[in-house]
Amino acid sequence: MNQPPGAAGLPAPGRLPRPVHVGYALGSLATGAFGTVPGLLLLPYLTDTLGVAAGLAALLVLLPKAWDVLVNPVAGRISDRTRSRWGARRPYLLVAGLGLAVLFAAIFAAPFGNGPGAAAYVALAFLATATAFAFFQVPYVAMPAEMTDDYAERTRLMTWRIAVLALTILVAGAVAPLVVTSGGDGVPGHRWMGLFVAALIAIGAVGAFLGTRSAPGGAVGASEPTLRAQLAVAAANRPFRALLVCFVVQSAGVATILAGVNYFAGQILRDEQSGPTLLFACFVGPALLVMPLWSRVGARLGKRAALVAAGLILAVGALALAAAPALPPVVVYLVVAVLGVGYAGQQVFALAMLPDCIAYETARTGRRQAGVFTGLWTAGETLGLALGPGIYGLVLQISGYVSSDTGTAAAQSDTARLGVLLGFTLIPALLIAPPILLLRHYTLPTLPTPTPTLGVDHGVVVGDESR
């Protein structure tokens with residue numbers, strides 16, 4: 001809903017001050033760094049530095065993040081019930097965010113060198129890091145639905161967040177491999193990279209905590225008495241179900257692309273040194289440029305239609321890359337830039353539609369339970385991001401990819417190189433395109449303002465469907 005302008009010099013009702021936009025967006029330094037770097041570097045770190053077989057490495061990357069599927073709803077429920085002078089969500093931004101930074105650096109510390117002990121250490125460190133991330137991300141994603149009731153303002157808030165997210169992906173994804181190289185490759189280079197990314201995460205956590213101190217917190221209202229009852233509430237929200245499943249499967253497709261960047265650059269483009277950085281620059285750079293354009297597209301077509309368009313761009317671009325061995329590198333990089341355009345839209349509109357689903361639930365039931373929905377959302381997103389490297393590692397195993405403990409990829413057969421290519425192109429396209437059909441179930445009917453229950457903000461009137 002659109003609000004009338006406020007008094008001179010003040011934001012309109014429902015509008016947030018620009019410093020709050022920026023402060024909230026800084027949290028994407030933490031979510032973007034953790035969401036990108038493990039998916040990009042952890043699998044090749046295991047296969048090409050620690051000498052872990054591709055199939056086992058896929059499990060080591062998948063299982064700790066799959067654990068978050070159980071932890072995230074619990075984190076949401078706990079944050080829903082938290083009461084503090086900093087609000088329900090902000091304490092987790094600081095405490096869990098700083099814990100996330102320390103634990104991330106520990107993943108790549110390699111105190112046991114190579115071998116089974118090193119693999120077990122990485123799995124345990126990654127598990128602890130994923131748990132800390134759950135307690136940061138769930139409250140962080142829950143905040144927009146409680147910071148403003150304005151439909152358009154949530155889109156503006158998400159646009160700022162995704163802009164910082166895209167910039168973080170560019171910096172973390174493009175610079176982290178360079179840090180590994182400049183640090184001497186192998187274990188030493190990965191240790192320096194872990195410290196670099198940990199610093200990004202810490203800056204994002206502290207920045208989000210401080211930047212949102214003046215934001216309205218909303219009332220975190222009476223929630224269902226049990227986790228099972230809360231999950232049932234979320235399951236009854238049909239628009240949320242459709243959006244969640246679509247986003248999870250598409251996230252798996254995007255994560256499969258990210259997991260294959262190093263392998264694709266080395267085995268298909270034959271450029272192990274600068275290839276990963278160029279791929280990331282082409283993927284994220286255009287996304288930063290088109291973010292304002294996507295915002296206007298969403299205002300004109302509606303969020304749902306814009307999300308469909310973004311998904312189609314992603315899927316077609318990934319499929320086109322299957323011809324990469326026959327294309328000049330410059331054409332490959334241009335196609336990757338098209339992927340970046342689709343990725344930007346997919347992230348903006350999926351994340352902007354989530355608070356709308358939460359507001360719809362508040363209007364429908366009179367209960368504000370953002371933590372429940374964002375707990376399930378982040379659990380699903382985490383599962384999707386974990387499935388990507390797992391899928392890619394399985395493809396490498398099936399195609400006969402040879403691991404190495406030297407810090408440099410071993411020579412590969414033609415079959416293994418074909419696996420590298422298909423895992424980066426065809427499989428992501430098959431994961432991204434079909435879930436678009438689920439969005440036909442995404443509708444948000446207009447509901448009357450409910451009588452709020454004790455401790456719950458006044459309900460939100462949600463407009464028709466598709467914007």
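The dialogue below goes through several features of a predicted model, one at a time.

Trainee: Where should I begin with a predicted model such as this one, and how many helices and strands does the protein have?

Mentor: Begin with the secondary structure, which in this protein comes to 16 helices and 0 strands. Then turn to burial and to contacts along the chain: 58% of the 467 residues count as buried, and among contacts with a separation of 6 or more, 82% join residues 24 or more positions apart.

Trainee: What supplies the exposed area of the protein?

Mentor: About 16900 Å² is exposed, and carbon and sulfur atoms supply 70% of that area. One nonpolar surface patch, of about 420 Å², is made by Leu 319, Leu 418, Leu 422, Leu 426 and Leu 430, and the elements giving two or more residues to this patch are helix H15 (414-424) and helix H16 (426-432).

Trainee: Why does Leu 422 count as partly exposed?

Mentor: Leu 422, which lies in helix H15, has a relative accessible area of 31% and therefore counts as partly exposed, since that class runs between the 20% limit for buried and the 50% limit for exposed.

Trainee: How do I read a single helix, and which residues of H12 are buried?

Mentor: The general idea is that an α-helix has 3.6 residues a turn, so residues three or four places apart point the same way. In H12, the buried residues are Lys 303, Ala 306, Leu 307, Ala 310, Gly 311, Leu 314, Ala 315, Gly 317 and Ala 318. As for its length, H12 has 18 residues and reaches 26 Å from its first C-alpha to its last, close to the 26 Å expected at 1.5 Å a residue.

Trainee: What does the side chain of Arg 304 reach?

Mentor: Arg 304 has its place in helix H12, residues 303-320, and counts as partly exposed because its relative accessibility is 22%. The side chain of Arg 304 reaches the backbone oxygen of Leu 439 at 3.3 Å, while the C-alpha atoms of Arg 304 and Thr 443 are separated by 9.0 Å although these residues are 139 residues apart along the chain.

Trainee: Is Ser 251 buried or exposed, and which residues does Ser 251 touch?

Mentor: Ser 251, found in helix H9 (residues 238-259), has a relative accessibility of 4% and so counts as buried. Leaving aside residues up to four places away in sequence, Ser 251 touches Gln 346, Glu 381, Gly 384 and Leu 385.

How values were computed:
Residues are numbered from 1 along each chain as its sequence is written. This is a predicted model: local features need pLDDT of at least 70, side-chain atom pairs count only at pLDDT 80 or more; totals for chains, interfaces and linings use all residues. Side-chain values use heavy atoms; hydrogens and water are left out. Helices (H or I, at least four residues) and strands (E, at least two) are DSSP runs, numbered from the N terminus. Buried means under 20% relative accessible area, exposed over 50%, partly exposed in between (1.4 Å probe, protein chains only). Contact means heavy atoms within 4.5 Å. Accessible areas come from the Shrake-Rupley method with a 1.4 Å probe; for residues, only the protein chains shown count as cover. Patches are made of residues with over 30% relative accessible area and no salt bridge: like charges are joined within 9 Å, nonpolar side chains (Val, Leu, Ile, Met, Phe, Trp, Tyr) within 5 Å. A salt bridge is a side-chain nitrogen of Lys or Arg within 4 Å of a carboxyl oxygen of Asp or Glu. A polar contact is a pair of N or O atoms within 3.5 Å; within protein, one must be able to donate a hydrogen and the other to accept it, and residues adjacent in sequence count only if both atoms are side-chain atoms. The expected span of a helix is 1.5 Å times one less than its number of residues.
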